[in-house]
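Hello,

Here is the structure I promised to pass on. Have a look at it first, and then read my notes below.

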Amino acid sequence: MVFGATTRRSEKWRVYRIRTANSTYELEVQTEGADRRCTVLTRTEPAGERYEDSAPQLDGQSLYAQSALDWIGKRLSVGTACTSEIQSVDFLTTASQRSVPSSTMVFGEKPPRAEPARAQPPPRVEERRPDWAPFPLGFVEMTEAAASVLKSVAHRHDLAAALRDDPHLMRRYQLALAACGLMVETLTRRGD
């Protein structure tokens with residue numbers, strides 16, 4: 001039996017990519033509103049294990065009580081898995097349905113029937129924008145994602161040294177920082 005598998009088909013989920021020093025994970029966090037919340041942690045690099053938990057922890061505190069911005073620098077515990085310190089968090093999407101791997105049997109359900117193989121051209125890879133929540137929550141999520149990206153950049157103490165060797169890249173970096181500062185100032189003034 002897979003915990004949360006039936007809930008996973010009907011509730012909304014937020015999906016994040018988490019990087020530690022040695023691994024990359026996909027973290028699926030069930031949004032509020034379900035009778036029993038669930039979090040799924042899947043190691044994607046190196047590919048491997050999948051863990052589920054209804055009470056995930058970040059350094060001994062509930063994951064559900066913390067913003068994604070607060071995850072960096074903490075250790076995540078989901079089920080029997082415990083990661084090393086989180087180095088970056090990327091918000092990927094809000095999904096209304098997450099899939100259960102075909103190799104996982106779910107109690108009370110029949111396994112999916114295998115379809116015969118057909119020759120088809122490879123699917124086109126299209127970059128899909130995240131599905132944000134409705135206004136105004138979606139804009140708060142976008143701001144959190146932007147802050148998370150900037151926090152990841154700020155934690156790279158070797159970035160300035162690496163950019164010194166490429167003046168063009170250094171200029172792009174400086175212009176991007178100036179644009180970020182301008183947007184933050186604009187948004188801050190609107191709140192006054």
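In which helix is phenylalanine 139 found? Phenylalanine 139 belongs to helix H1, which covers residues 137-154. Please keep in mind that this is a predicted model. The side chain is worth a look from the outside: phenylalanine 139 has a relative accessibility of 49% and therefore counts as partly exposed, since exposed means over 50%. Together with Phe135 and Met142, Phe139 makes a nonpolar surface patch of about 350 Å².

Now to the charged residues. Side chains of opposite charge can pair when their charged atoms come close. Searching the whole structure turns up six salt bridges, and here are some of them.

One of the six joins aspartate 90 to arginine 19, at 2.8 Å from N to O. Aspartate 90 sits in strand S9 (residues 88-95) and arginine 19 in strand S1 (residues 13-19), so this pair ties together parts that lie 71 residues apart in sequence. Arginine 19 is partly exposed, at 32% relative accessible area.

Another salt bridge links glutamate 185 with arginine 189, with 2.7 Å between the closest N and O atoms. Both residues are in helix H3 (residues 167-190), and because they are four residues apart there, about one helical turn separates them. Glutamate 185 is partly exposed at 39%, while arginine 189 counts as exposed at 58%. Elsewhere, Arg17, Arg19 and Asp90 are joined into one network by salt bridges that share partners.

Finally, aspartate 158 and arginine 156 meet in a salt bridge of 2.8 Å, N to O, and aspartate 158 is partly exposed with a relative accessible area of 41%.

Best wishes

Note on methods
Residues numbered from 1 in each chain as written. Predicted model: local features only at pLDDT ≥ 70, side-chain atom pairs only at ≥ 80, totals over all residues. Heavy atoms only, no water. Patch = residues over 30% accessible without salt bridge, like charges linked within 9 Å, V, L, I, M, F, W, Y side chains within 5 Å. Areas by Shrake-Rupley, 256 points an atom, 1.4 Å probe, with all protein chains shown as cover. Salt bridge = Lys/Arg side-chain N within 4 Å of Asp/Glu carboxyl O. Helix = DSSP H or I, 4+ residues; strand = E, 2+ residues; numbered from the N terminus. Buried < 20%, exposed > 50% of the residue type's maximum accessible area, 1.4 Å probe, protein only.
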